[in-house]
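Me: I have a protein model to go through and want to know what its labels rest on. Can we take them step by step?

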Amino acid sequence: MIADLHTHTTFSDGMLNPDELFYKAKKLGIAAISITDHDTVEGNYVAKEIASKYGLDFIEGIELSCFDSQNEYHILGYCIDIDNEDLHKHLAAFKQSRIERAEIMTQRLNKMGINIDFNDVLIKAGEAPITRPHIAQVIVESGYVSTTKDAFNLYIGDGGPAYTVKAIFQVEKAIKLINNAGGVAVIAHPGYFVNQKKLFQFIEAGLDGIEVHHPLHTEKLRREYHSIASQYWLLETGGSDFHGDRPNEKELFGTEGVNIEIVKKIRKRCK
């Protein structure tokens, strides 16, 4: 019985709303699911209302973006109190910083002759925190490039001519924020951007788990992270990182994840 503990909806940068995501998950035989939208818990409110309709075991989640002036890290939070006041204060401030960052990036694009309207970016994001994919989609729809990948490669990717750094928010603070909201903190897809020295630094800071199973992880990496998780008594999570518009996601959703017993371990750790 598969639990997919890493999915995204239209409340951040996913293509499906929670109802559509749950419908698809049910058809594919997923038994438990967590919505881990970027820097927002809004999708969780909807999910809690409809989970029983699909007979899915739902666990509250979030994916917090962290930045230390040089590197970006993502921390997954599970079993959080989505009404936690400090969490909401952080998310509101972070959302505002994303708006300001996106506006600067749009201005830089305009100076380069990529004349997109910032209001179109706001409309594209809707209620979700603005992310670079929203800007990329507007660039595509305005006819300047053919794909969002091209938008990143040419303009808004890391180090690109219109790139603007994110607000600093350290992993250690994210771990504390999640723990204080009653949840467990898990490093997301570490094979993508976390070296071993940093990983052990985060473990010392109180990290509760490692996302061992992720589409970006090779079997070798999965064995390595499983070994570390076992050695330090950390939770071993996983999921498809489903957005709905990325290569091979149709094959991964419903197959990538962890045994449903992990959900029980998460809830036990939270208690």
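Me: What makes the eight strands a sheet, and in which order do they stand?
Reply: This is a predicted model. Its eight strands form an open sheet in the order β7-β6-β5-β4-β3-β2-β1-β8, with mixed pairing.

Me: Why are β7 and β8 at the edges?
Reply: β7 (235-238) and β8 (258-259) each have a single partner strand, so one side of each has no neighbour in the sheet.

Me: How do you know that β2 and β3 pair?
Reply: Two strands pair if there are at least two bridges between them. Strand β2 (residues 32-35) and strand β3 (residues 57-67) have four bridges, in the parallel sense. Therefore they count as paired. Within this pair, I33 stands opposite F58 in β3.

Me: Why is V138 in α5 called buried?
Reply: Buried means under 20% relative accessible area. V138 is listed as buried, so its value falls under that cut-off. In helix α5 (residues 132-141), R132, H134, I135, A136 and I139 are buried too. The cover over the buried residues of α5 includes β4 (72-78), α3 (85-111), α4 (118-125) and α6 (148-156).

Me: What follows α5?
Reply: G143 does, and its phi is positive, near 90 degrees.

Me: Which residues have the most contacts inside the largest nonpolar core?
Reply: They are L64, I75, I80, I187, L199, L207 and I210, in a core of 30 residues. α7 (171-180) gives the most to this core, with five residues.

Me: What makes I187 a contact of L199?
Reply: Contact means heavy atoms within 4.5 Å. L199 is in contact with I187, so they have heavy atoms within that distance. Other contacts of L199 include V194, Y225 and I228.

Technical notes
Residues are numbered from 1 along each chain as its sequence is written. This is a predicted model: local features need pLDDT of at least 70, side-chain atom pairs count only at pLDDT 80 or more; totals for chains, interfaces and linings use all residues. Side-chain values use heavy atoms; hydrogens and water are left out. Helices (H or I, at least four residues) and strands (E, at least two) are DSSP runs, numbered from the N terminus. Buried means under 20% relative accessible area, exposed over 50%, partly exposed in between (1.4 Å probe, protein chains only). A nonpolar core is a set of buried Ala, Val, Leu, Ile, Met, Phe, Trp, Tyr and Cys residues joined through side-chain atoms within 4.5 Å. Lists of a residue's contacts leave out its neighbours within four places in sequence.
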